[in-house]
Structure formats: C-alpha cells, structure tokens
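Grab your viewer and work through a few short exercises on the chain below. Each one comes with a solution, so try it yourself before reading on.

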Amino acid sequence: MKVELYATNLTNENRQVDPYQAWQQSSRTKPRTVGIALSHDF
C-alpha cells in the first residue's frame with residue numbers, strides 16, 4: 001500500500017500570473033489544494 005500527501009499553494013496567495021496585468025481578465029494562481037492519494041498493487 002502506498003500513501004501520498006500533497007499540497008499546493010499552502011499560503012493561498014492570489015496573484016496575477018499573466019504578463020499583461022492591465023487586462024481585467026488576467027490569469028490567477030490556483031487556490032490552495034491539499035489532498036491524500038492511496039494506492040495498492042495486486
């Protein structure tokens with residue numbers, strides 16, 4: 001059995017990642033994600 005814990009953007013920063021930040025619809029960072037993955041080989 002394999003157990004994996006993962007997390008991204010732990011501080012939940014909301015930043016613009018688009019080089020054209022003057023646009024109203026610039027891309028943003030993804031929200032905080034925390035999870036666990038379980039797997040088992042037969």
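**Exercise 1. Work out how much surface the chain exposes and what share of it carbon and sulfur atoms supply.**

Start with the total: the chain exposes about 4,200 Å². Next, split that by atom type, and carbon and sulfur atoms turn out to supply 53% of it. Keep in mind that this is a predicted model. Now look at the inside: of the 42 residues in the chain, 7% are buried. Finally, the secondary structure is quick to list, with two strands and zero helices.

**Exercise 2. Find the residues that form the nonpolar patch on the surface.**

Step one is to pick out the members, which are Met1, Val3, Leu5, Ile36 and Leu38. Step two is to add up their exposure: together they have about 620 Å² of accessible area. Step three is to see where they come from, and here E1 and E2 each supply at least two residues. Take Leu38 as a sample member: this residue lies in strand E2. Leu38 counts as exposed because its relative accessibility is 57%, and the cut-off for exposed is over 50%.

**Exercise 3. Place Glu4 and say which residues it contacts beyond its neighbours within four places in sequence.**

First, locate Glu4: it's in strand E1. With a relative accessible area of 38%, Glu4 falls between the cut-offs of 20% and 50%, so it is partly exposed. Leaving out neighbours within four places, Glu4 touches Gly35, Ile36 and Ala37. Now check a C-alpha distance: Glu4 and Leu38 sit 6.5 Å apart in space, despite being 34 residues apart in sequence. Closer along the chain, the side chain of Glu4 makes a polar contact with that of Lys2, at 3.5 Å.

For the chain-wide picture, take the contacts with a separation of 6 or more: 50% of them join residues 24 or more positions apart.

**Exercise 4. Which backbone oxygen does the side chain of Arg32 reach?**

Begin with the setting: Arg32 is in the loop between strand E1 (2–8) and strand E2 (33–39). Its relative accessibility is 45%, so Arg32 counts as partly exposed. Then list the contacts, again skipping neighbours within four places in sequence: Thr8, Asn9, Leu10 and Asn12. The oxygen you're after belongs to Leu10, and the side chain of Arg32 reaches it at 3.1 Å. One last distance to try: the C-alpha atoms of Arg32 and Glu13 are 8.0 Å apart, with their positions 19 residues apart along the chain.

How values were computed
Residues numbered from 1 in each chain as written. Predicted model: local features only at pLDDT ≥ 70, side-chain atom pairs only at ≥ 80, totals over all residues. Heavy atoms only, no water. Helix = DSSP H or I, 4+ residues; strand = E, 2+ residues; numbered from the N terminus. Buried < 20%, exposed > 50% of the residue type's maximum accessible area, 1.4 Å probe, protein only. Contact = heavy atoms within 4.5 Å. Polar contact = N/O pair within 3.5 Å; in protein donor to acceptor, adjacent residues only side chain to side chain. Patch = residues over 30% accessible without salt bridge, like charges linked within 9 Å, V, L, I, M, F, W, Y side chains within 5 Å. Areas by Shrake-Rupley, 256 points an atom, 1.4 Å probe, with all protein chains shown as cover. Salt bridge = Lys/Arg side-chain N within 4 Å of Asp/Glu carboxyl O.
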